[in-house]
Amino acid sequence: MKLITGSSGLLGSEILALSPGSVGLSSKEYDLTDRFQLRLHAPYDAVIHCAAKVGGVKANTDYVADFFDDNVKMNMNVLNACRDKKLKLVSVLSTCIYPDAPYVKYPLTEEQLHMGPPHPSNFGYAYAKRMLEVQSRAYRQQFGCNFISVIPNNLYGLNDNYDLNSGHVIPALIRKFHESMLEGRNEVIVWGSGRPIREFTFARDAAKIILWLAENYDGEEPVNIGNPDWISIEHLSLTIGEEIGFEGHVKFDASKPDGQYEKPSSNKKLRSLGWKGEYTPLRDGLRETIKSFVDRYPDTRGVKIKT
């Protein structure tokens with residue numbers, strides 16, 4: 001039986017659905033920044049730590065200190081609880097915490113994680129997540145803890161956050177296109193130039209990989225788990241518009257920040273460990289995600305999962 005933090009979120013809800021008998025901790029019921037609320041009494045065999053304060057470029061810029069503080073507190077409390085109970089811990093990081101060029105060579109590989117500063121657009125979140133990886137290695141060395149770290153790239157899926165201020169690019173675009181159609185508008189404005197390229201992984205795929213690693217990997221080094229196929233934000237926007245049925249004009253506002261231009265990642269290490277699964281093609285994942293969103297609208301936060 002596993003304990004999944006962040007179980008009402010995009011990734012945690014998929015892991016919980018794929019792990020019968022496991023228990024979820026939701027931010028609606030537990031504040032993981034408060035160490036007194038985290039008590040591990042059940043006979044868990046592992047903890048999968050998905051909980052995090054996350055957001056897009058705007059939220060990371062406006063609330064940089066909040067992103068750092070809240071994530072550091074959550075991570076410290078979860079790691080201490082797992083150390084005390086001698087539990088295996090799988091911590092979820094993100095490729096957005098990697099250094100930007102010129103400090104790294106692409107595609108991003110795990111040994112480059114600390115080779116330079118992260119992109120300034122999300123440095124508070126990025127450094128908090130980097131410290132989660134450092135703390136995991138420190139606890140392994142001093143206390144013998146079996147703590148591992150996984151690094152997905154940009155996730156999307158059925159239980160995403162569609163808030164236009166705090167959501168990531170795919171859910172924000174889906175909502176923008178859908179509401180433009182409902183309101184009869186023939187133009188959608190997208191932040192940035194559209195030139196940056198990104199990789200996207202269907203959250204269900206990431207959940208399957210994380211559960212596989214929880215059973216098959218005990219190494220110290222983090223593991224990239226994302227789909228390495230990339231797409232430009234411009235092409236992504238046009239694809240979402242096409243899939244949702246939008247027939248108007250897409251305008252890119254280059255006065256808004258692009259964030260990191262590119263961060264292609266390598267999953268060679270994951271493959272070398274023996275994972276043989278396939279990733280969901282982007283169009284297929286988008287089609288399922290869009291249908292789920294449209295069916296639930298105007299509930300823009302996603303399915304409410306009780307844990």
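This report covers one strand residue, one pair of helices and three backbone features of a predicted model.

**Thr-5**

Thr-5 belongs to strand β1, which spans residues 2–5. Its relative accessibility is 1%, so Thr-5 counts as buried, the cut-off for that class being under 20%. A polar atom of the Thr-5 side chain lies 3.0 Å from the backbone nitrogen of Ala-51. Ala-51 also appears among the residues in contact with Thr-5 once neighbours within four places in sequence are set aside. The others in that list are Leu-25, Leu-32, Val-47, Ile-48, His-49 and Cys-50.

**Helices α1 and α6**

Helix α1 covers residues 10–18 and helix α6 covers residues 203–216. Their axes come within 8 Å and cross at roughly 60 degrees. The two helices are therefore oblique to each other, and the crossing of α1 past α6 is right-handed.

On the α1 side, the contact is made by Leu-10, Leu-11, Glu-14, Ile-15 and Leu-18. On the α6 side, Ala-203, Arg-204, Ala-206, Ala-207, Lys-208, Ile-210 and Leu-211 take part. Sorted by residue class, the contact of α1 with α6 holds nine nonpolar residues, three charged residues and no polar ones. Glu, Arg and Lys count as charged, and the contact includes Glu-14 from α1 as well as Arg-204 and Lys-208 from α6.

**Backbone features**

Two cis peptide bonds are listed below, each with the place of its proline.

| Cis peptide bond | Omega | Location of the proline |
|---|---|---|
| Ala-101 and Pro-102 | about 10 degrees | Pro-102: loop between β4 (88–92) and α4 (123–143) |
| Tyr-297 and Pro-298 | about 15 degrees | Pro-298: segment after α9 (282–296) |

A further backbone feature is found at Lys-86, which has a positive phi of about 55 degrees although Lys-86 is not a glycine. Where does Lys-86 lie? Lys-86 is in the loop between α3 (64–85) and β4. Is Lys-86 buried or exposed? With a relative accessibility of 74%, Lys-86 counts as exposed, because that class begins over 50%. Thr-5, by contrast, counts as buried at 1%.

The strand β4 thus serves as a reference point for two of these features: Lys-86 lies in the loop between α3 and β4, and Pro-102 lies in the loop between β4 and α4.

Methods
Residues numbered from 1 in each chain as written. Predicted model: local features only at pLDDT ≥ 70, side-chain atom pairs only at ≥ 80, totals over all residues. Heavy atoms only, no water. Helix = DSSP H or I, 4+ residues; strand = E, 2+ residues; numbered from the N terminus. Buried < 20%, exposed > 50% of the residue type's maximum accessible area, 1.4 Å probe, protein only. Polar contact = N/O pair within 3.5 Å; in protein donor to acceptor, adjacent residues only side chain to side chain. Contact = heavy atoms within 4.5 Å. Axes fitted to C-alpha atoms, helices over the stretch in contact; angles between N-to-C directions. Parallel < 35°, antiparallel > 145°, perpendicular 65-115°, else oblique. Left-handed = near helix turned anticlockwise from the far one by under 90°.
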